[in-house]
Each structure stands twice: as structure tokens, then as C-alpha cells.
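The following report describes how a sheet and several helices are arranged in one protein chain. Please keep the sequence and the structure in view while reading.

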Amino acid sequence: MKIAVVGGCNVDFICRPVGTVEEATSNRARIAYSPGGVGRNIAENVRQLGCEVSLLTAAGPDMLGDYLRQDLAAKGIETVCIDKASTGIYIASLDQDGLMARAFCDMSGLESITLPDLLAAGIDFSSYDGVIIDANFSSAFIAELAALLRKKKIAYALEPVSNIKAVRIKEAIDGALLLKPNRFEAQVLTGIDCENGAGAQECAALLAAQGAQNVIVSMGPEGFVWYSDLYRELIAPQSNGELVNETGAGDALFAAAFVALLKGFLPQRAAKIAARAAALTCAVDAAVSSEVGPELFKEEMEE
């Protein structure tokens with residue numbers, strides 16, 4: 001199976017405080033850096049799940065860009081970089097429990113990329129079984145790419161990325177095989193309060209009515225809602241020991257769900273696979289867990 005990920009690639013800097021945090025002053029912390037970006041994290045998960053994967057992104061001719069390209073090559077991820085801007089940077093500040101307190105990112109270079117830019121780089125979307133699109137690109141780009149994929153009858157999935165960027169995917173929702181907002185992005189997309197499971201289900205139903213075949217509304221430590229014609233459920237998170245870092249868990253959930261659907265798993269099976277991938281990711285410091293792999297599908301087949 002061959003999948004293209006059209007999305008962001010950047011260097012993650014994750015800051016975990018040591019002791020009590022005080023405002024307006026420097027605080028002691030443990031700071032780690034690693035390759036990241038929603039698109040890049042999803043691509044690595046897809047690769048670990050046993051698929052061929054191409055990452056279509058932007059990474060500049062700079063030290064951080066070289067670091068990302070070398071890492072992707074080492075992981076067996078084919079990369080097509082539109083070299084129009086400096087490399088993206090993401091900084092997340094966690095609280096003492098490993099949950100995100102606040103985060104900042106600079107992914108502005110991706111917004112200048114157009115569909116002709118990708119096609120000029122020699123991309124043939126007909127060679128892929130599925131395409132994942134994240135919302136780091138402009139609304140026009142996402143709408144045009146989705147229209148092309150619908151015309152070619154290629155399955156695609158949408159990742160809204162953030163509250164601010166979520167609105168960029170609106171014109172692409174109709175026809176998507178999978179859409180995965182978190183509760184805050186779902187509220188932006190629907191205008192419905194999404195603070196609890198009932199609200200998440202209402203948001204998911206509305207997004208499904210707009211044409212998404214499967215909708216996941218992730219709710220962090222409360223699990224996620226899966227909504228489709230065949231399956232509608234609020235799924236509790238799987239316990240995998242101590243929570244180390246939730247950064248990347250949603251990317252693992254999304255990647256596993258999309259690959260499972262492309263493999264022909266029913267939504268209720270795909271949901272279990274996705275929940276397991278998210279739990280494995282929460283148990284490590286990195287944005288992607290090495291424990292996420294094709295054996296997740298075998299476990300489901302053996303049940």
C-alpha cells in the first residue's frame with residue numbers, strides 16, 4: 001500500500017518544567033528536540049505501519065532542514081520538499097503531568113505552496129492508494145487538491161492541525177474518507193459546544209452530514225468519538241502505563257485509523273487499532289513511538 005502525506009515538517013522543541021512554573025521569568029526545564037510536524041509525524045507512523053509513504057512538504061536549505069531530510073531518508077520516507085521557505089519550528093510547553101500547556105509554531109512557508117508547485121515536482125497522485133492532507137496549507141490549495149483526488153477517485157483524509165487552521169479544510173470535507181478534528185477544532189468547524197462526549201457526537205454527526213465518511217473527534221484523556229454510517233461510539237482511551245507525553249498521540253491515532261480503513265477494516269476494528277496506536281505514543285517522550293507497527297493489524301485479525 002502506498003500513501004502520500006501532504007503536510008508540515010518541522011523540528012519539535014518540547015519543554016517539560018522542573019518544579020513549579022512562575023510567570024514572567026525563566027524556569028528550569030528539561031528540553032528535548034526531535035523531528036516533528038503533523039504531516040511528518042503521520043508519515044512516520046504510516047511507514048511504521050508497513051506502508052510505502054511519500055511526504056510532500058517544505059523544508060528550507062538550512063541546518064534544521066538538512067537535519068529533517070537526513071532523518072526522513074534514514075526512516076525510509078520518500079520526501080519531496082518544495083524549497084520555498086525556511087524550515088518550520090514547533091515549540092510545546094508541557095505541564096508537570098505531561099499535558100500541553102501552550103505551544104507555538106512557525107509553518108508559514110507551507111502557505112505559499114500551490115497545487116501546480118506539487119505537480120511540477122513530478123507528483124502523480126494516481127500512483128497512491130490514499131492521500132493525507134493537513135491544514136498547514138492555504139484553503140485554496142486544500143480545496144483544489146481535494147477536488148483533484150475526488151476526480152481521480154483516490155481516498156483522502158483531513159487533519160485540521162489547529163483551531164486557527166481548521167477552517168481551511170471546510171471545502172474539502174465533502175468526499176473525505178476520514179476527518180479527525182480534536183474537540184476544539186470540531187467546535188470551530190461546527191459552532192457546537194464540544195466540551196463533553198455528547199457535544200463531540202453532535203459535532204461529528206454534523207461533519208458527517210457535510211460529506212465526511214468517517215469522523216473522529218479526539219478528546220485527549222477522555223478518548224475519542226468515532227462517527228460513521230456503520231459505527232458510532234465514544235471510545236475510552238487505552239491505558240498503557242504512565243502518561244509521558246501526549247504530543248503526537250493524535251497523529252498516531254489518525255494514521256492508524258486511515259491505514260486500517262484503506263485495508264478494509266470495519267470502523268469498529270479501525271477504532272480499536274487507532275486507540276492502541278495513541279496509547280503507545282503517549283508512553284514515550286518522542287512524537288512517534290517505535291512500538292507502533294503492522295502487528296497492530298495482526299492483533300485485530302487474531303481476535
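In this predicted model, helix H2 (residues 63-74) lies across strand E2 (10-17), strand E3 and strand E6, and it runs at about 65° to E3. The strands beneath this description belong to an open sheet of 4 strands, arranged in the order E3-E2-E6-E7 with mixed pairing. Strand E3 (29-36) and strand E7 (100-106) stand at the edges, and because each has a single partner strand, one side of each is left without a neighbour in the sheet. From one strand to the next, the twist averages 15°.

The table sets out the pairings in the sheet.

| Strand pair | Direction | Bridges | A bridge pair |
|---|---|---|---|
| E2 and E3 | antiparallel | 8 bridges | Phe 13 with Tyr 33 |
| E2 and E6 | parallel | 6 bridges | Phe 13 with Ile 91 |
| E6 and E7 | antiparallel | 6 bridges | Ser 93 with Arg 102 |

Phe 13 has a bridge partner in E3, namely Tyr 33, and also one in E6, namely Ile 91. Strand E2 itself is largely enclosed by the rest of the structure, since 7 of its 8 residues are buried.

Helix H1 (residues 38-48) can be described in a similar way, for 9 of its 11 residues are buried, and the helix is therefore largely enclosed by the rest of the structure. The buried residues of H1 include Val 38, Ile 42 and Val 46, and also Arg 40 and Glu 44. Just after H1, Gly 50 takes a positive phi of about 100°.

A further element of the model is a pair of packed helices. Two packed helices are described by the angle between their axes and the distance between the axes. For helix H7 (residues 249-262) and helix H8 (residues 267-282), the angle is about 150° and the axes are 8 Å apart. Angles over 145 degrees count as roughly antiparallel, which means that H7 is roughly antiparallel to H8. The crossing of these two helices is right-handed.

On the H7 side, the contact is made by Ala 249, Ala 252, Leu 253, Ala 256, Ala 257, Ala 260 and Leu 261, while H8 contributes Ala 270, Ile 273, Ala 274, Ala 277, Ala 278, Thr 281 and Cys 282. Of the residues in this contact of H7 with H8, 13 are nonpolar and 1 is polar, and none is charged. An α-helix has 3.6 residues a turn, so residues three or four places apart point the same way.

How values were computed. Residues are numbered from 1 along each chain as its sequence is written. This is a predicted model: local features need pLDDT of at least 70, side-chain atom pairs count only at pLDDT 80 or more; totals for chains, interfaces and linings use all residues. Side-chain values use heavy atoms; hydrogens and water are left out. Two strands pair if DSSP finds at least two bridges between them. Axes are lines fitted to C-alpha atoms, for helices over the stretch in contact, and angles run from 0 to 180 degrees between N-to-C directions. Contact means heavy atoms within 4.5 Å. Angles under 35 degrees count as roughly parallel, over 145 as roughly antiparallel, 65 to 115 as roughly perpendicular and the rest as oblique. A crossing is left-handed if the near helix is turned anticlockwise from the far one by less than a right angle, and right-handed if clockwise. Ala, Val, Leu, Ile, Met, Phe, Trp, Tyr, Cys and Pro count as nonpolar, Asp, Glu, Lys and Arg as charged, and the others, Gly among them, as polar. Buried means under 20% relative accessible area, exposed over 50%, partly exposed in between (1.4 Å probe, protein chains only).
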